[in-house]
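Visitor: Please take a close look at one part of this protein, the places where side chains of opposite charge pair up. How does that part fit into the rest?

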Amino acid sequence: MAMAFKMATTGMWVTDECKNSFMEMKWKRVHRFIVFKIDEKSRLVTVDKVGGHGEGYEELAASLPNDDCRYAVFDFDFVTVDNCRKSKIFFIAWSPTESRIRAKMLYATSKAGLRRVLDGIHYELQATDPTEMGFDVIRDRAK
């Protein structure tokens, strides 16, 4: 099994699949979003779910569990006031209130390492409930 990068601070490994999926989203635009999860036993950050080009923000929000942490990247397309089409990539650190303390700590300490691997992120959101990462929050931040 080929591993891409080791996150030095936590001893977590980011799989090649994470980086490759992100590059496909960034350059080929075949994915709308990617959800990542940490497997505590194998100490790997893996791809949990990939949203196809036809899927949107609602599907991303629905794919985040209510009782466990995740990371997500979302490709937000919008039109500026000058009528230009733009795209911004959001990194979302999802840490719901109902998740275990150990999971919250693990995701918090591993976030910077994953961000370094995923080069090209424009904005970051930290969310503990759906209102903190609502579509209106993303839209307002992108402008």
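Guide: Glu124 is partly exposed, with a relative accessible area of 28%. The model is a predicted one. Glu124 makes a salt bridge with Arg115, and the closest N and O atoms of the two are 2.4 Å apart. Arg115 is partly exposed as well, at a relative accessible area of 26%. Elsewhere, Arg29, Arg32, Asp75 and Asp77 are joined into one network by salt bridges that share partners.

How many salt bridges does a search of the whole structure find? The search finds ten. One of them pairs Arg32 with Asp77, where the closest N and O atoms lie 2.6 Å apart. Arg32 belongs to strand 3 (residues 31-39) and Asp77 to strand 5 (residues 70-79), so the pair ties together parts of the chain that are 45 residues apart in sequence. The two partners fall into separate exposure classes. Arg32 has a relative accessible area of 18% and is buried, because the cut-off for buried is under 20%. Asp77, with 22% relative accessibility, counts as partly exposed.

A further salt bridge links Glu55 and Lys49, with the closest N and O atoms 3.7 Å apart. That distance passes because the cut-off for a salt bridge is within 4 Å. Glu55 is partly exposed, at 23% relative accessible area, and Lys49 counts as partly exposed too, at 30%.

Now for a charged residue without such a partner. Lys88 sits in strand 6, which runs over residues 85-94. Is Lys88 buried or exposed? Lys88 is buried, yet has no salt bridge. The nearest side chain of opposite charge is that of Asp75, and it is 9.8 Å away. Asp75 is itself a member of the network with Arg29, Arg32 and Asp77. Asp75 is also among the residues that Lys88 touches, once those up to four places away in sequence are set aside. The others on that list are Phe74, Phe76, Phe78, His122, Tyr123 and Ala142. Leu44 is 44 residues from Lys88 along the chain, and the C-alpha atoms of the two are separated by 27 Å.

The loops hold two residues with a backbone angle worth pointing out. Arg43 is found in the loop between strand 3 and strand 4 (44-52). Phi of Arg43 is near 60°, which is a positive value in a residue other than glycine. Arg43 is partly exposed, with 34% relative accessible area. Asn83 lies in the loop between strand 5 and strand 6. Asn83 is not a glycine either, and has a positive phi of about 65°. With a relative accessible area of 65%, Asn83 is exposed.

These pieces belong to a protein of four helices and seven strands. Along the sequence, helices and strands follow the pattern β-β-α-β-β-α-β-β-α-β-α. The radius of gyration is 15 Å, close to the 15 Å given by the globule rule for 143 residues, so the protein is as compact as a globular protein of that length. Its C-alpha atoms fill a box of roughly 50 × 35 × 25 Å along the principal axes.

A few totals complete the picture. Of the 143 residues, 43% are buried, Arg32 and Lys88 being among them. Of the contacts with a separation of 6 or more, 59% are between residues 24 or more positions apart. The protein exposes about 7,700 Å², with carbon and sulfur atoms supplying 52% of that area. As for charge overall, there are 23 positive and 21 negative charges, and their mean positions are 5 Å apart.

Definitions and conventions:
Residues are numbered from 1 along each chain as its sequence is written. This is a predicted model: local features need pLDDT of at least 70, side-chain atom pairs count only at pLDDT 80 or more; totals for chains, interfaces and linings use all residues. Side-chain values use heavy atoms; hydrogens and water are left out. Buried means under 20% relative accessible area, exposed over 50%, partly exposed in between (1.4 Å probe, protein chains only). Lys and Arg count as positive and Asp and Glu as negative; His and the chain ends are not counted. Contact means heavy atoms within 4.5 Å. The radius of gyration is taken over C-alpha atoms; the globule rule is 2.2 Å times the number of residues to the power 0.38. Accessible areas come from the Shrake-Rupley method with a 1.4 Å probe; for residues, only the protein chains shown count as cover. The place of a charge is taken as NZ of Lys, CZ of Arg, CG of Asp or CD of Glu.
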